[in-house]
Amino acid sequence: MIWCLFPPLLFTVTVSSGSPTVQWEMLAPRQVNGTERNTAILPCSFSHPTQDTYTGQIRVLWKKDHPWTTEPFFQCSLTNSTGAAGDECSRYVAAGRFFLSGDPRHRDLSLLVKDLRLNDSGVYFCRVELDQVLESYQSKAGTKLSVTAPAHIVSLSQMPFPDNSTLECVAVGSPPPKVTWFSSSKGLVQAVDKNNPQDPPYTIRSSIHIFSQEVYTCQAENTLGSQVRVFPPRKGPKPLTVWLSVLVGLVLLAGVVAALLWMKRGGASLKVDIRSFKNRGRQKTGASDTNGDQELVYADIDHSPNPNAYTVPSHGMQNDIIYSDVN
Ligand SMILES: *[C@@H]1O[C@H](CO)[C@@H](O)[C@H](O)[C@H]1NC(C)=O
Ligand SMILES: *[C@@H]1O[C@H](CO)[C@@H](O)[C@H](O)[C@H]1NC(C)=O
Ligand SMILES: *[C@@H]1O[C@H](CO)[C@@H](O)[C@H](O)[C@H]1NC(C)=O
Ligand SMILES: *[C@@H]1O[C@H](CO)[C@@H](O)[C@H](O)[C@H]1NC(C)=O
């Protein structure tokens, strides 16, 4: 069924790109979603009337949020002929994180954004300028990049003004987090959410009135995750805990040293005589070495048509194969 759909599709594409009536057109999706610290691609491709013969300069530009007024944050240019000098675009990186992922010579201006941040959210406009024909074109609607992040707490601190009795919790996340407070004696605490005009939209500032001798917990939560922080901050480990940790550490270290020594002994007494494996199998068994110490070896079993029995070999026997555990 699917096979039947392809020939007409290919036919249409060939006809339109081969025809001399190609229009200026820019193709970019309306929305792209990404997650904080991940990578996103903003696709953008174009067609233009002289695309079959064009060999001039191609200038690639990307703008954010304001399509006509702002300076592009990304711009590079190259010539549309193979082997031509002056290809800035293949090595160009803006702000350390923005790269071209498409080939402008193939009319692909797609942008790759690494290590996404919440404030990368916004509308992106791709633009191309072909200087030989003095033509330029820019995506009209742009592509909305929406970066999501699980809720996390940026700070939980006492406000020194006027008198340290206000505790403020600053949380970020996208979707915007919901902040909830608990106190050790009263449970849920009513809070005041403040809006600081300088804050980006995904920041929540929430504060409560506090009393000493109480422990307060701030919880920030959105659909992608949650985090809690406690005030006053939990003290470091007690001295007894530290001593116990040191003791456990020493015991573990002694164990590791003992194991290493044991393995070294086993390795030194290794004696392997490799013969044919044909018709032979192995069986784990115990054997004594010359010192009379017990160690693990593999007995060699002959499965050939005339197997009388098998012998547990010792290191002294010439014709048997001994497999010691090799570490
Ligand atoms: C991006 O996220 C929005 C809202 O969360 C959703 O409606 C849309 O379908 C998503 N778009 C893509 C391309 O995943
Ligand atoms: C660059 O040249 C190739 C053919 O050599 C052509 O297919 C392509 O459309 C040209 N690119 C642009 C942006 O015109
Ligand atoms: C965006 O956020 C990052 C930290 O996540 C910060 O370093 C950067 O300055 C912010 N950029 C803008 C334009 O606010
Ligand atoms: C607020 O607390 C800080 C440190 O906890 C202290 O240095 C400062 O004197 C306090 N200010 C008031 C007004 O109590």
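The following conversation covers the strands, cores and unusual backbone positions of a predicted model.

Biologist: What should I know before looking at this model?

Modeller: The model is predicted, with local features needing pLDDT of at least 70 and side-chain atom pairs counting only at pLDDT 80 or more, while totals for chains, interfaces and linings use all residues. Residues are numbered from 1 along each chain as its sequence is written, and chains are lettered from A and ligands numbered from 1 in the order in which they are written.

Biologist: How many helices and strands does the protein have?

Modeller: There are two helices and 22 strands. These are DSSP runs, numbered from the N terminus: helices are H or I with at least four residues, and strands are E with at least two.

Biologist: What percentage of the residues counts as buried?

Modeller: Of the 327 residues, 18% are buried. A residue is buried if 20 or more other C-beta atoms lie within 10 Å of its own, exposed if 12 or fewer, and partly exposed in between, with C-beta atoms placed from the backbone.

Biologist: And what share of the contacts comes from residues 24 or more positions apart?

Modeller: Such residues account for 58% of the contacts with a separation of 6 or more. Two residues are in contact if their C-beta atoms, placed from the backbone, lie within 7 Å.

Biologist: Turning to sheets, what is the strand order in the one that contains β18?

Modeller: That open sheet has four strands in the order β15-β14-β18-β19, with antiparallel pairing. Two strands pair if DSSP finds at least two bridges between them. β15 (187-189) and β19 (225-231) each have a single partner strand and stand at the edges, so one side of each is left without a neighbour in the sheet.

Biologist: Which residue of β19 is the bridge partner of Cys 218?

Modeller: The partner is Arg 229. Cys 218 falls within β18 (residues 216-222), which pairs with β19 in the antiparallel sense over seven bridges.

Biologist: Which strands make up the sheet with β8 in it?

Modeller: The order there is β3-β9-β8-β7, again four strands in an open sheet with antiparallel pairing. The edges are β3 (40-42) and β7 (93-94), each with a single partner strand, so one side of each is left without a neighbour in the sheet. Inside it, β8 (residues 98-100) and β9 (residues 111-113) are joined by three antiparallel bridges, and Leu 100 stands opposite Leu 111.

Biologist: Which strands does β10 pair with?

Modeller: Its partners include β5 (residues 57-64), which pairs with β10 (residues 122-130) over seven antiparallel bridges. In that pairing Val 60 has Val 128 as its bridge partner. Three antiparallel bridges link β10 to β12 (residues 143-159), where Gly 122 stands opposite Leu 145. Four more join β10 to β11 (residues 135-138), also antiparallel, and Glu 129 is matched there with Ser 136.

Biologist: Which residues touch the most other members in the largest nonpolar core?

Modeller: The core has 25 residues, and those touching the most other members are Leu 42, Cys 44, Val 60, Leu 109, Leu 111, Cys 126 and Val 128. A nonpolar core is a set of buried Ala, Val, Leu, Ile, Met, Phe, Trp, Tyr and Cys residues joined through C-beta atoms within 7 Å. The elements giving two or more residues to this core are β5, β6 (74-79), β9, β10 and β12, and β10 gives the most, with five. Apart from this core lies another, of 16 residues, among them Cys 169, Val 172, Val 179 and Ile 210.

Biologist: What does Val 60 touch?

Modeller: Leaving out residues up to four places away in sequence, Val 60 touches Gln 75, Cys 76, Ser 77, Cys 89, Leu 100, Pro 104, Leu 109 and Val 128.

Biologist: Where are the cis peptide bonds before Pro 175 and Pro 232?

Modeller: The bond from Ser 174 to Pro 175 is cis, with omega near 5°, and Pro 175 is in the loop between β13 (166-174) and β14 (178-183). Phe 231 and Pro 232 are joined by a cis bond with omega about -10°; Pro 232 is in the loop between β19 and α2 (239-268).

Biologist: Is Ala 95, with its positive phi, buried or exposed?

Modeller: Ala 95 has a phi near 55° and lies in the loop between β7 and β8. Ala 95 counts as exposed because it has 9 C-beta neighbours inside 10 Å. Asp 115 has a phi near 50°, sits in the loop between β9 and β10, and is exposed with 11 such neighbours.
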